Amino acid sequence: MSLAGDDVRLGRIEIFPIKSLDGVRLQEATINAGGILDNDRVYAIFDDNGLVVNGKRTARIHQLRC
C-alpha cells in the first residue's frame with residue numbers, strides 16, 4: 001500500500017517526556033537522527049529492582065499527573 005502526500009494528515013503531535021506519564025501537545029516537533037521525536041520518553045520511573053514502572057504492571061502509575 002502506498003499513500004500519496006495529499007492523503008496523509010497529521011492530527012496532532014504529542015510527546016511523553018516521562019515514560020507512562022502525561023503527554024504534552026506540541027505545535028511543532030523535531031525528529032532526531034534516530035527518527036524519534038526530540039524529548040519523547042527521555043525519562044522513566046524505575047522500581048527497586050531496576051525495572052521501568054509502567055501501566056501494564058503498575059496500575060497506580062495512571063494516578064500520577066505531571
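This report walks through the overall form of a small set of features in the protein above, then turns to individual residues.

## The overall picture

A word before we start: the model is predicted. The protein has two strands and zero helices. Strand S1 covers 13-15 and strand S2 covers 24-26, with a loop between them.

How does the radius of gyration of the protein stand against that of a compact globule, and what are the values? The protein has 15 Å, whereas a compact globule of 66 residues would have a value near 11 Å. Measuring along the principal axes would be one way to look at this too: the C-alpha atoms fill a box of roughly 50 × 25 × 25 Å.

## Surface, contacts and charge

If you are thinking about what solvent can reach, the accessible surface of the protein comes to about 5,800 Å². Carbon and sulfur atoms hold 50% of that surface. Of the 66 residues, 11% count as buried.

Among contacts with a separation of 6 or more, 38% join residues that are 24 or more positions apart. As for charge, there are 9 positive and 9 negative side chains. The centres of these two sets lie 8 Å apart.

## Ser20 and Asn54

Let us begin the residue tour in the loop between S1 and S2, where Ser20 lies. Phi of Ser20 is near 80°, a positive value in a residue other than glycine. Ser20 has a relative accessible area of 29%, so it counts as partly exposed.

Ser20 also turns up as a contact of Asn54, and so does Ile61, once the neighbours of Asn54 within four places in sequence are left aside. Asn54 itself sits in the segment after S2. Is Asn54 buried or exposed? Its relative accessibility is 14%, and because buried means under 20%, Asn54 counts as buried. The side chain of Asn54 also reaches the backbone nitrogen of Lys56, at 3.0 Å.

## Asn39 and Asp40

Next come two residues in the segment after S2, Asn39 and Asp40. Asn39 has a phi near 70°, again a positive value in a residue other than glycine. With 51% relative accessibility, Asn39 counts as exposed, whereas Asp40, at 17%, counts as buried.

Which residues does Asp40 touch, leaving aside its neighbours within four places in sequence? They are Ile15 and Phe16. With Phe16 there is a polar pairing to look at: a polar atom of the Asp40 side chain lies 2.7 Å from the backbone nitrogen of Phe16. Ile15 belongs to the range of S1, 13-15, and is in contact with Asp40.

## Val52

Our last stop is Val52, also found in the segment after S2. At 23% relative accessibility, Val52 counts as partly exposed.

Where does Val52 stand with respect to Lys19? The two are 33 residues apart along the chain, and their C-alpha atoms are separated by 8.6 Å. Lys19 is in contact with Val52 as well, and the other partners are Ala44, Ile45, Phe46 and Arg57, with neighbours within four places in sequence left aside.

Methods
Residues numbered from 1 in each chain as written. Heavy atoms only, no water. Helix = DSSP H or I, 4+ residues; strand = E, 2+ residues; numbered from the N terminus. Buried < 20%, exposed > 50% of the residue type's maximum accessible area, 1.4 Å probe, protein only. Polar contact = N/O pair within 3.5 Å; in protein donor to acceptor, adjacent residues only side chain to side chain. Contact = heavy atoms within 4.5 Å. Rg over C-alpha atoms; globule rule 2.2 N^0.38 Å. Areas by Shrake-Rupley, 256 points an atom, 1.4 Å probe, with all protein chains shown as cover. Lys, Arg positive; Asp, Glu negative; His and termini not counted. Charge placed at Lys NZ, Arg CZ, Asp CG, Glu CD.
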